[in-house]
Amino acid sequence: MISSFKDPFINELLDEQQNLTAVDRFSKKYDTNQSHFSSNVYSDLIPLSKPKKNEQYSFEIDLSACSGCKSCVSACHSLNGLDHNESWRDVGALFGTKRDKPMQQTVTSACHHCMDPACANGCPTLAYEKDQATGIVHHLDDQCMGCRYCEMKCPYDAPKYNDNLGIIRKCDMCQSRLETGEAPACVQACPNEAIKIRIVRNEEILEESNTDEGLVPGTITSQYTKPSSKYINLIKDSNPRPADYGNLKESASHSPLMLMLTFTQAGVGISLIEFIKWLANSQINQYTILIGIALCFTGLLSSFLHLGKPSKAWKAFLGWRRSWLSREILIFGLWSATSLIFLFFTLSGFASKWITISGAISSLLGILGIYSSVMVYADTPRPSWNFKLTCLRFFSTTLGVGIAFSGWFFLAAIPMFISLSIDIIIMAGKNSNCIHSGRLMRGPLKNLSLIRIFTAIIAIALLAFSTVASAVLFFVSEIFGRSLFFRSSDEPKMPGLINS
Ligand code: SF4
């Protein structure tokens, strides 16, 4: 058909449209290399071959190309069907700190599909799997019980908790698209081609991770998880810093965990000290043992409130080979059984031999349980949860409550004083691992910190009048202290935005 407009150009366009469909036109342009979406663009953004042995897929991000438009975030969101408040990809920013070299670069990030994924190492239900063929770290949604421990283990804030589903979900590099030769949603959506998929050799990842530096300024050393992502074209000479550097943001309070820790520690402490008294003078108060066990069971039950999917809690022992959380659950499970046997023997007046054996096993498992609680937190990259401080904190609660409850007022003052001193030192900014925690305790968490300190001081003073009242008040003070432990912790993460 010949068009009959006066303008020959319009006629030409109309004729062309009538002769070719949209697909025909795209195909023609594609074949003659006129289109933006030409084959060389695809091959530049994703590899044309699959990873071989000792290789894996990884993201390569060009910081000089990223404009911070968040097309990648929205493409990831819509292609993966995420909930309205869920995002597997984030965009933050870096600012230069040199006056004569101002700069800003935006940083897009998702999971870095690490060679040594901390999320997988910590998961108690084995809900993470590193694909041997591609190196992609998958989250197995069906296996997840929603304990959120991977959030604490990952230093890049990549696992995201979905409130509606009660489980963690995260980026899988759009593996189903990669398998069919298509680019992941973020790669395809970026108008500046800032995100690419490359194939990287394992030795290369190890080499690049073998440094005290992180992926970009503000992130922790890559030695921790050996992330496979690579950020290129960072403007280093302007000494960049994350835009949210120094922001005072509280961490999650995790109230059920706060209760779980304080109740189990107090309970183990009370029954442990009562058992030591039995060894010393062959006298035992069954009701003290009962109170200790009841406290511990209250703590263990409250931990279920933390789970998004409590019905899957039975899977928690599966990861015992590498997860301290799994070991903690297993040990407290064994402690529950042996402590009930110990209680039964003391109440039924069994031969002292059986009381001693069951009490010794129960006490040992109680101490191991507290130790595994210490390791659950010490095994994360949060500086304020380091082994020394966490160990002192948790065992101070155990011994402070236990000894005060037993009436040994002089000895009880020592763990109480240690526990109190830790928070005073951190609040005063005198501990180099806890600078951020100290700022939070002097700032947004000031009232809670003062209440914690004053209740602990009064509890120590009360020792002179009533050790039981002192034990109770110290226990309350430790609950405040554990709340500070969570809320003032410093979470390593990728750079955020100014107000994030
Ligand atoms: Fe796991 Fe975080 Fe590494 Fe992703 S970035 S593999 S979630 S540790």
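1. Let me start with Glu 193, which counts as partly exposed at 28% relative accessibility. In this predicted model, Glu 193 sits in the loop between helix 8 (185–189) and strand 8 (195–201). Its backbone deserves a look: phi is positive, about 55°, although Glu 193 is not a glycine.

2. Lys 226 makes a good companion to that point. Here too phi is positive at about 55°, and the residue is not a glycine. Lys 226 belongs to the loop between helix 9 (202–209) and strand 9 (230–232). With a relative accessible area of 22%, Lys 226 is partly exposed, because the buried class requires under 20%.

3. Now for a proline in a loop. Pro 117 is found between strand 3 (104–109) and helix 5 (118–122). Is Pro 117 buried or exposed? Its relative accessibility is 8%, so Pro 117 counts as buried. Beyond its neighbours within four places in sequence, Pro 117 touches Lys 130, Val 137 and Thr 225. Another proline, Pro 227, is 110 residues away along the chain, yet the C-alpha atoms of Pro 117 and Pro 227 are separated by 7.9 Å.

4. Stepping back to the whole chain, you will find 18 helices and ten strands. The C-alpha atoms fill a box of roughly 110 × 50 × 45 Å along the principal axes. Of the 500 residues, 51% count as buried. Among contacts with a separation of 6 or more, 70% come from residues 24 or more positions apart.

5. The aromatic side chains are worth some of your time, since the structure holds 15 aromatic pairs. In one of them, Phe 275 and Phe 342, the ring centres are 5.9 Å apart and the planes stand at 85°, so the pair is edge-to-face. This pair links distant parts of the chain, with Phe 275 in helix 10 (residues 255–281) and Phe 342 in helix 12 (residues 324–348), 67 residues apart. Both partners are buried: Phe 275 has a relative accessible area of 5%, and Phe 342 has 1%.

6. Trp 324 and Tyr 371 form another edge-to-face pair, at 5.8 Å centre to centre and with 80° between the planes. Distant parts of the chain are linked here as well: Trp 324 is in helix 12 and Tyr 371 in helix 13 (residues 352–378), 47 residues apart. Tyr 371 is partly exposed, with a relative accessible area of 31%.

7. Which residues form one aromatic cluster? They are Tyr 377, Trp 385, Phe 394, Phe 485 and Phe 486.

8. Two arginines placed over rings may also interest you. Arg 89 lies over the face of Phe 59, 4.9 Å from the ring centre. The charged end of Arg 148 sits over the ring of Tyr 161, at 4.1 Å from its centre.

9. Finally, a helix pair. The axes of helix 15 (residues 409–427) and helix 16 (residues 435–442) come within 7 Å and cross at roughly 90°. That angle falls in the range of 65 to 115 degrees, so helix 15 and helix 16 are roughly perpendicular to each other. Helix 15 contributes Asp 423, Ile 426 and Met 427 to the contact, while helix 16 brings Ser 437, Gly 438, Met 441 and Arg 442. By character, the residues of this contact divide into three nonpolar, two polar and two charged.

Methods: Residues are numbered from 1 along each chain as its sequence is written. Side-chain values use heavy atoms; hydrogens and water are left out. Axes are lines fitted to C-alpha atoms, for helices over the stretch in contact, and angles run from 0 to 180 degrees between N-to-C directions. Helices (H or I, at least four residues) and strands (E, at least two) are DSSP runs, numbered from the N terminus. Angles under 35 degrees count as roughly parallel, over 145 as roughly antiparallel, 65 to 115 as roughly perpendicular and the rest as oblique. Contact means heavy atoms within 4.5 Å. Ala, Val, Leu, Ile, Met, Phe, Trp, Tyr, Cys and Pro count as nonpolar, Asp, Glu, Lys and Arg as charged, and the others, Gly among them, as polar. Rings of Phe, Tyr and Trp (its six-membered ring) pair if their centres lie within 6.5 Å; planes under 30 degrees apart count as stacked, over 60 as edge-to-face and the rest as tilted. Buried means under 20% relative accessible area, exposed over 50%, partly exposed in between (1.4 Å probe, protein chains only). A charge sits over a ring if NZ of Lys or CZ of Arg is within 6 Å of the ring centre and within 35 degrees of the ring normal.
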